[in-house]
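Please find below some notes on this model, set out as numbered points. They deal with salt bridges and with the packing of one pair of helices.

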Amino acid sequence: MQLPYSEELEIQYLSRLFDNTSECYKFFWFQAIVTKILEGKTEIAYGELLNEMIADAWYMVTEYHLNLGPKDNLEALVNYIRQISGMKPSEKKSVILDYLNGCKDREVMHLKRVLIRQVPYRLQAPFIQSMKGREWNVPDIKKIEKINQEKHLLYYFAAYDGLQTAIIIQPEWQQYILKNQEIIKGWLQYNIILYLQKRNPSVPGIADKLCPPYERKLDKVKKYWKLILTLHPVHEIYNDIELDGKDLSIDHFVPWSYVAHDEFWNLHPTTRRINSRKSNNLPDWNTYFPRFCKQEFFSYEMMWQYDSVYAEFEKCAKEHLNNEDVRRRVYRKGLTFQEFSSSLEEVIQPIYQSAKNCGFKNWIYREDAGESDNILL
């Protein structure tokens, strides 16, 4: 992916910002810089950029359980802040930034200082021809003195002052980024996706996991189950209560935050309250998959028994059943319960196990538990 040409700027060096990237820091540091430039800022403190980095990485780490790199300090920092703050994985970015702006926790401050040891300086390494090898390992003050002597950089440094040290964006680069912001953001996201795919080879939908989770549109699936409820009682699988059309919620058995899709075979009805409790955890396989199979097979039988249910299934299939092989294996007419459940298990079990390997927690519903106290194993 090519960046727009400029006669005044060294675009060939900008295009090499992410060469030899073994950790994620450069991506998030540059992304934070772009965000602040688009907000109209040209002098930005390390601390402000770090807070932006943490907020941008928040959803990838807490909601989607992506691996940012071996022993990655940004990932460790996000996890630690989640632990001490109690903020939700799906928390709004503005809330995360407000918390970070007021957080003076010692460990947070220590991990922030670790993050700024190299990335503010190393990001511009393609522009800097005069520093080699061990010259990068001198104290920050000396690095700043050396780098500030270079020409044509994206940014320079104000006097060193720990986390309050500021970078100063050069006007010509500010204008370039403002003018070409959509292309630059696309180029940045493309490079982040390539990096994350390498670090998370078994995780689907990486491109959908760079941003906060969005509201899924499951109206057709909800309408399908509401029709079935008018024909026969249905009990949800976690608490065995009879469902009604007023409090119906559609749950992803393997969480959306792992699968990043709304495929029909992974969706089932529950209540809003139970769905909220389950959040993005994995329902205990031995406890709930047999119940899930029975519920899905009941839906399958209703589909082939009632023309009206089949018609609603076809509407769902156009949007939520995108693999013809899965449709043939799981939803073709005439399957026994054993055939149906075996086919469904073949589709879901590998995905479930992969999500478990990525750190999604095992969950069991408990009626007397509080909203955050259901059993995680």
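1. Asp325 and Arg329 lie four residues apart in helix α16 (residues 324-331), which means that about one helical turn separates them. In this predicted model, their side chains meet in a salt bridge with an N to O distance of 3.2 Å, and Asp325, at 34% relative accessibility, counts as partly exposed.

2. The count of salt bridges comes to 17. Those that share partners join Lys36, Glu39, Lys41, Glu48, Glu52, Asp56 and Lys93 into one network.

3. Within that network, the side chains of Glu48 and Lys41 form a salt bridge at 2.4 Å, N to O. Glu48 counts as partly exposed at 24% relative accessibility, and Lys41 likewise counts as partly exposed, at 32%.

4. A salt bridge also pairs Lys93 with Glu52, their closest N and O atoms being 2.5 Å apart. This pair links distant parts of the chain, since Lys93 belongs to helix α5 (residues 93-102) and Glu52 to helix α3, 41 residues apart. Glu52 is buried, with a relative accessible area of 2%, whereas Lys93 counts as partly exposed at 26%.

5. Turning to helix packing, the axes of α2 (residues 25-38) and α3 (residues 46-63) come within 9 Å and cross at roughly 115°, which makes α2 roughly perpendicular to α3. The crossing is right-handed. Among the residues that make the contact are Phe28, Trp29 and Lys36 of α2, together with Glu48, Glu52 and Asp56 of α3. The residues of this contact divide into 10 nonpolar, two polar and four charged.

Note on methods: Residues are numbered from 1 along each chain as its sequence is written. This is a predicted model: local features need pLDDT of at least 70, side-chain atom pairs count only at pLDDT 80 or more; totals for chains, interfaces and linings use all residues. Side-chain values use heavy atoms; hydrogens and water are left out. Axes are lines fitted to C-alpha atoms, for helices over the stretch in contact, and angles run from 0 to 180 degrees between N-to-C directions. Helices (H or I, at least four residues) and strands (E, at least two) are DSSP runs, numbered from the N terminus. Angles under 35 degrees count as roughly parallel, over 145 as roughly antiparallel, 65 to 115 as roughly perpendicular and the rest as oblique. A crossing is left-handed if the near helix is turned anticlockwise from the far one by less than a right angle, and right-handed if clockwise. Contact means heavy atoms within 4.5 Å. Ala, Val, Leu, Ile, Met, Phe, Trp, Tyr, Cys and Pro count as nonpolar, Asp, Glu, Lys and Arg as charged, and the others, Gly among them, as polar. A salt bridge is a side-chain nitrogen of Lys or Arg within 4 Å of a carboxyl oxygen of Asp or Glu. Buried means under 20% relative accessible area, exposed over 50%, partly exposed in between (1.4 Å probe, protein chains only).
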